[in-house]
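Student: I have a model open and would like to learn how to read it feature by feature. Could you guide me through it?

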Amino acid sequence: MSAAIRAFQQRLADARATLGVAESDDAAAIRRAYRRAVAAHPPDRDAEGFRAVRAAYERLESQLKEAEDVLLAETSHLEPPSLGPAPKHAPTALATHLMRKILQRLPLEDIIDENDLRETTPESRDE
Amino acid sequence: VGKKRQRERRKEQARRAATSGDRAALAALGERQPSAAARALIDTLATMPALAFDPIVSDVAGRLRREGACAAALSLLAVAGRKTRRLRAEEALAAMGVGDEARARDAIAGDEILLRKLGPAVGMGRLGRPSATATAPGAPLLRGLAQVTSGTVAAAVKELDAVALADRSRLFVDEVLDSLTLANKRPGPRAKSAVARLAGTALVRGDARAEELLGAAAATHHADIPKTAPGGVVLAARLATATTSTERAAIAADLDPSAFPAAERGAALLARAFLRFPRAERGAGPRLFDAALAAGADRLEALRGRAIALSASYDPMCRCERCEGEASSAAEAWLLLARELGEGPGVDALVLSAAKAASDHAGFAVDRARVVRARAIADAVAARSALMTDDLAAELDADHGGTFLAAEPERARELAEAAVARCRRSTKAWDLRLAALIVLGRPTDALRREAYAATGDEQFAAEARDLDRKEGRELPLVAGQRPGAVADQLGWRAKNGHLAVPFTDEVASALDSLGDRAAAAACAYAMVRASDAGNASLATTILERAIAATRSSDGARILAETAVTLQLGDALVTAVRASAATIPAELVAPLVEGAWLDRQASQRIFLSLCDRLGAIEIGRLRRVPGSKRRPSVVGIAIADELLKPDVSLTGLLDAVDESDGAHADPDDVVPHLEDARKAGLPPELISFATACTALGLDVNRFLPQLSTPAGMSLVVEIARIVEGPRTPAAEARVNALFAKLGATAPSRKGKR
């Protein structure tokens, strides 16, 4: 699942946990929960707690809008792809890539001695 | 024999070889066409004992591997099994070719000899001593690979040095040694030459993965990349040093996807799709996401991108069959995404949004089946959460009602009314209601006003304004309207002489709510309307009020450019002088520059305001006219941006010009400005102002004299002297000239 969707889910789950509401709760229930939470974290005594409550409420209020923003964003939510080995390993990766590439172009006999390729299995005797 | 006939004959040969199990025919086919032989062998092996075909299978697999078709070789080898050492070795090598080291290790796991030979190259087993009787020329290369894999680069170099002279070129030993140089932790100056040689070799060029690795390696060692290096090398070097995610995404999108390891290829294609689909040709955008999906990109993200690309692929203003078909496809893409998102906490809001998008596109396409499916998804979400709002429900109802509009307009009207009853704010529901009445041939005027009152929507507002104007009435201005709508209303009032200045509280509060720049743009628009109606005094009064009110440099520039375009240069100077005491210093340059179309007005504004500038600011203003900036009608262009989409100042000036209005031709504004910029403010005028500032004289005292040729010649002479060496004679001459101008210059003790 896309990282953005996971992050979106997590943000909503955190907001619900902050206000103590369930997903099925309607707007009125969220507002009631918000008022209760504000009473528990009044801005003059617990500014940080109030900010968290306010942010959670705003997030739940605007979740459809946020969902639209996530879905309609014209840029990828994913981290750009990596070239594989981290740059510090690139030099070694280049050497192995080139050697493998050359080996792939060679017939088997140029890679492993003919003698080593011979075998004496029952199947090969039949052959 | 034609090529087509040849192909058919070969196909027939392959089919006969496969069905008869003719080993000679299969071997011959393998020499000619390994991929066709592989297919025939797979068919044969399905029906006949495999053993008899092992040598042919290993031969064909080897050929495929050497052609780079390792995946096809692996498919064939999977059918044949690992019965012989050759088959096992080929499988291990082909697996290495596709980067599947686990399969390579698995293939050789029970074979002691292969374990010894190939194992170390795939990180399995230990490398023994090289055999004294070894005959395979590529064996040192294989051993070198094993050494690099185990991290002993120096030992790898020794192995490579053991390659026979005759084989060195065929085995690209020099190139491999260069790559081993870069594999050293500190290659020093040799890195640069190794990068340069590798960038030019056929072994690297055209191999996207090699190019990317070389670029990254060069970046690691801070080695310069030659100008002739392939693009992939350059991009990879940039990618390796990119710091932000956006920068990396943009570079990654330009790289060949094959440069990325198999696991990242889907993500690479997805990044490319997101960056390229907006510029892709019609229909090509969704295919970019299909390719990413096929390459294993994140499924939800790729489906999301595909839905966006399909949504953007049709013209929502066009009702052609193709556009409707594409809208249906977009709807289907959103429905698919809604389904794939599934159910669960936090996902419902996304599902509902996807269903809404699906309904919207299906509604456009008059695709009732998909509208109904989207509604069913939305209803399912509504049943388990409290996310469905009246707004959204009314929108979905309107989409559904819209599908009846052409065939059953009465039913569409009923559904629209139900939607409006559910949510009076819903613009879409009102749109449908009006459309149904139009189809039914009923009047809509009253309903348009009702729609505006209920929704406050700008489009309805514009329609209601038009209606009111037709009836000689005007709508109230309200705070929060778009700048263009306010400008339109002000313009209409100005044109009809209904605009009182000083502005009424209604107008003043509407302008205040726009902010400085947009308010200036709206006033400029009203000025043009007033001027067009022949009411120059109203235009002047608006200008004075706007100049007094504006505190933004963009606003000052908009007003100055508009005023001189309307040939109201004198009025602009008067307005500036009237507010000179309160105009901030940072507005001087925009006003002077904005008035350049009327050079005299520009000079007078400069002289009126330059006393509040320091010598440095004056000097800076002197440099501006001579700068190489591309001339453009900056202020009017800014106003157009602020007022769109409702009105356009340029469009209005054009329209006024066509109706023989009295303003300067806007098309000529740019050349005139260019001329003015080239000429700039006369340097002597600036020198004079500088002298006045340095001497503590109020430059405004000399304004009356400056409007006469004699006065200007005095100014020019003063400027020439103060620019020259400071001598007692020069000071005496300056004093005399200032006396002629009607002022006594104090002794020049201050800095000039």
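Student: Let us begin with chain B. How many helices and strands are there in chain B?

Tutor: A good habit is to take stock of secondary structure before anything else. Keep in mind that this is a predicted model. Chain B has 43 helices and 0 strands.

Student: And how many helices and strands does chain A have?

Tutor: Chain A holds 8 helices and 0 strands. Along its sequence the pattern reads α-α-α-α-α-α-α-α.

Student: What share of the residues is buried in each chain?

Tutor: Here you set the buried residues against the length of the chain. In chain B, 50% of the 752 residues are buried. For chain A, with 127 residues, the buried share is 43%. You can add the surface to that picture: chain B exposes about 33400 Å² of accessible surface, 52% of it from carbon and sulfur atoms. The accessible surface of chain A is about 6700 Å², with 50% from carbon and sulfur atoms.

Student: Which share of the contacts joins residues 24 or more positions apart?

Tutor: For this, set aside the contacts between close sequence neighbours and look at the rest. In chain B, 58% of the contacts with a separation of 6 or more are between residues 24 or more positions apart. In chain A the corresponding figure is 53%, taken among contacts between residues at least 6 apart in sequence.

Student: Let me zoom in on one helix. Which residues of helix α18 of chain B are buried?

Tutor: Reading a helix means asking which residues are buried and what covers them. Helix α18(B) spans residues 284–294, and its buried residues are A284(B), G285(B), P286(B), F289(B) and A292(B). The cover over these buried residues includes α17 (262–276) and α19 (299–311) of chain B. Look also just past the helix: α18(B) is followed by G296(B), which has a positive phi, near 90°.

Student: Now a charged residue in chain A. Is R16(A) buried or exposed?

Tutor: Relative accessible area settles that, with under 20% counting as buried. R16(A) has 9%, so this residue is buried. R16(A) belongs to helix α1 of chain A, residues 3–19. Leaving out residues up to four places away in sequence, R16(A) touches V21(A), A22(A), E23(A), L60(A) and Q63(A), together with G346(B) from chain B.

Student: What about charge on the surface: which residues form a positive patch?

Tutor: K3(B), K4(B), R7(B), K11(B) and R39(B) form a positive surface patch. Helix α1 of chain B, residues 3–20, is the main contributor, giving 4 residues. One residue in that helix is K3(B), which counts as exposed because its relative accessibility is 68%.

Student: How many salt bridges does the structure hold?

Tutor: Over all chains there are 52. Each one is worth reading for its distance and for where its partners sit. In chain A, K65(A) pairs with D69(A), with the closest N and O atoms 2.9 Å apart.

Student: Why are K65(A) and D69(A) separated by about one helical turn?

Tutor: The general idea is that an α-helix has 3.6 residues a turn, so residues three or four places apart point the same way. K65(A) and D69(A) are 4 residues apart in helix α4 (residues 63–72) of chain A, which means about one helical turn lies between them. K65(A) is partly exposed at 48% relative accessibility, and D69(A) is partly exposed too, at 41%.

Student: Which parts of chain B does the salt bridge of R299(B) and E340(B) tie together?

Tutor: Their side chains meet at 3.0 Å, N to O. R299(B) is in helix α19 and E340(B) in helix α20 (residues 321–341), so the bridge ties together parts 41 residues apart in sequence. R299(B) is partly exposed, at 40%, as is E340(B), at 32%.

Student: Where do R442(B) and E410(B) lie?

Tutor: These two form a salt bridge with their closest N and O atoms 3.0 Å apart. R442(B) is in the loop between α25 (427–440) and α26 (445–455) of chain B, while E410(B) is in helix α24 (residues 409–422), and the two are 32 residues apart. R442(B) is partly exposed at 36%, and E410(B) at 28% is also partly exposed. Follow the bridges outward and you reach a network linking E410(B), R413(B), E417(B), R433(B) and R442(B).

Methods. Residues are numbered from 1 along each chain as its sequence is written. Chains are lettered from A and ligands numbered from 1 in the order in which they are written. This is a predicted model: local features need pLDDT of at least 70, side-chain atom pairs count only at pLDDT 80 or more; totals for chains, interfaces and linings use all residues. Side-chain values use heavy atoms; hydrogens and water are left out. Buried means under 20% relative accessible area, exposed over 50%, partly exposed in between (1.4 Å probe, protein chains only). Contact means heavy atoms within 4.5 Å. Patches are made of residues with over 30% relative accessible area and no salt bridge: like charges are joined within 9 Å, nonpolar side chains (Val, Leu, Ile, Met, Phe, Trp, Tyr) within 5 Å. Accessible areas come from the Shrake-Rupley method with a 1.4 Å probe; for residues, only the protein chains shown count as cover. A salt bridge is a side-chain nitrogen of Lys or Arg within 4 Å of a carboxyl oxygen of Asp or Glu. Lys and Arg count as positive and Asp and Glu as negative; His and the chain ends are not counted. The place of a charge is taken as NZ of Lys, CZ of Arg, CG of Asp or CD of Glu.
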